[in-house]
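Here are a few short exercises to work through with the model open beside you. Try each task yourself before reading its solution.

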Amino acid sequence: MRKFLILFLLVFISSSFAQLNIVTTVPSRNALNVNRDVVISVVFTQDIDPATLTSSNIRVYGSQTGLYSATISYDSSTRTVMIDPVKDFKPGEVVSVILTRGIRSVSGDSMLSSYVWSFTVKVDDGSGTYAAKVDYGVGSQPYGISLGDIDSDGDLDIAVANQVSHTVSVLRNNGDGTYAAKVDYGVGDSPRGISLGDIDNDGDLDIAVTNYYSSTVSVLRNNGDGTYAAKVDYGVGINPVDVSLGDIDNDGDLDIAVTNESSSTVSVLRNNGDGTYAAKVDYGVGSQPYGISLGDIDGDGDLDITVANNGSNTVSVLRNNGDGTYAAKVDYGVGINPHDISLGDIDNDGDLDIAVINWSSITVSVLRNNGDGTYAAKVDYGVGSEPNDISLGDIDSDGDLDIAVTNYYSNTVSVLRNNGDGTYAAKVDYGVGSIPRGISLGDIDNDGDLDIAVANYNSNTVSVLKNRNRSADIVLSSILFSLEMLKLIQVRHCI
């Protein structure tokens, strides 16, 4: 018995040392202000077999550009893999890197599980103040909105889900931050949530849309030129509201997660590896779930789920078990009737915090991560009347995450600037169209800062608000100051 126990311990210790692990990554997990031309690097515990460092085993996704091609190299002396994307990332883009278990050491060892981490690209020169809106026509009663480079020409296009038209409107950027007339594509009955991502790993952005009354998700594949093939539908729960794309099972492709209002569930659909999806698997959340966001909350290298529960006044957190399945929910109290949710490192401590808008409380609740995937009690900030949708981004280019919110009955967007410590200054409001719903942040005019795009439900429009350049505002302030001084000198001279 004693010999058997010693032998077991030796085998256990040997297998533990044989396990391939990651030592460090650059950029680090949830890093902010990463340069657009960054070379990603990963240091392993063992010497890697270069033959396993393939584009199938290493994938880089941008939230607004899809799959990035990259040059992959390896330094055996330092056990460092270097991933150099062939083009720069977009300002403010969230980039996810996926390392699958196909990566092996020279002795044939692999990681215990695949690994995914994310970082946010630096934003430059934005003042955080916005010019007056410019409106563009879309379909009837637009609901969700998403920005992305749909036609792969280097600027951000717009995709909008139109609830009454049962369509998605695509508006292409003219290259100067203005937009061409919409092109519509049919989806299911009463589309609401929309997300862009490279579903079939061919280098362009596809569309996923929730159809409230069809109880389906429509997937529209990009033809490679910014036009879309006919929809393919997949069944989800009853009355799906929001959708998020991410590599839930860490196999190198994008899976789908959907909130189902009337089922009080989240449906997870795994990608079959070719852009088609397996049947849904459902997980219980709170009552009437609306918004959803995916992110690595507990720092273990896989994507967890967070959901805003409109009927429960809670946020449900579901941790990934490491294989694309989820543990039972853990709930946290927020305001009354939370509608949408966003994840980001609000206090710049390396983990993902939660921001939730509360329709009836007229607030944003911020819940800080305790560092272990659990959350501290909410802190609330006032916004406009009946906030509906939320987005996080570095609006004023000072290196931290600000908040932008659509206000349904105020017909405004509220911008709350981060004080630099994870707390927020009072809101500043900007007028948009009638009954704004969805919001998306991105560098629409390619000047390095974050602009705002809003879907206006009653106006049947999208409002675009461009961020004023910090440098331009400084020049303007200097000119105004000089004019005032000149007037003062002239007055004194007359006296």
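The radius of gyration is taken over C-alpha atoms, and the globule rule is 2.2 Å times the number of residues to the power 0.38. This is a predicted model, in which local features need pLDDT of at least 70 and side-chain atom pairs count only at pLDDT 80 or more, while totals for chains, interfaces and linings use all residues. Residues are numbered from 1 along each chain as its sequence is written, and side-chain values use heavy atoms, with hydrogens and water left out.

**Exercise 1. Describe the overall build of the protein.**

Step 1: take the radius of gyration. A compact globule of 495 residues would come near 23 Å, and the protein has 24 Å, so the value agrees with the rule. Along the principal axes, the C-alpha trace spans about 105 × 55 × 45 Å.

Step 2: list the elements. There are two helices and 39 strands (DSSP runs numbered from the N terminus: H or I of at least four residues for helices, E of at least two for strands).

Step 3: look at the surface. The accessible surface is about 18700 Å², with 53% of it belonging to carbon and sulfur atoms (Shrake-Rupley method, 1.4 Å probe; for residues, only the protein chains shown count as cover). Of the 495 residues, 57% count as buried; buried means under 20% relative accessible area, exposed over 50%, and partly exposed in between (1.4 Å probe, protein chains only).

**Exercise 2. Place D347 in the fold: is D347 buried or exposed, and which residues does D347 contact beyond its sequence neighbours?**

Step 1: find D347 in the loop between β28 (338-344) and β29 (353-358).

Step 2: check the cover. The relative accessible area of D347 is 16%, so D347 is buried.

Step 3: list the partners. Setting aside neighbours within four places in sequence, D347 is in contact (heavy atoms within 4.5 Å) with D353, R368, D421 and G422.

**Exercise 3. Compare the linings of the two largest pockets.**

Step 1: settle the terms. On a 1 Å grid over the protein atoms alone, a pocket is an open set of points with protein on both sides within 12 Å along at least five of seven lines, whereas a cavity is a set where a 1.4 Å probe fits but cannot get out; lining residues have an atom within 4 Å of a point. Points are joined across faces, edges and corners, and a volume is the space filled by probe spheres set on them.

Step 2: take the largest pocket, with about 230 Å³ of space. Its lining includes L20, I22, R29, M111 and Y115, and strand β1 (residues 22-26) gives the most, with three residues. The lining divides into six nonpolar, five polar and one charged (Ala, Val, Leu, Ile, Met, Phe, Trp, Tyr, Cys and Pro are nonpolar; Asp, Glu, Lys and Arg charged; the others, Gly among them, polar).

Step 3: turn to the second largest pocket, with a volume of about 160 Å³. Seven nonpolar, two polar and one charged residues line it, R59, Y68 and I83 among them. Two or more residues come from each of β4 (58-62), β5 (66-68) and β6 (70-75), and β4 gives the most, with three.

**Exercise 4. How many cavities of 30 Å³ or more does the structure hold?**

Step 1: the count is two.

Step 2: the second largest cavity holds about 70 Å³ of space. Its lining includes L32, T120, D394, D400 and L450, with β2 (31-34) and β9 (115-121) each supplying at least two residues.
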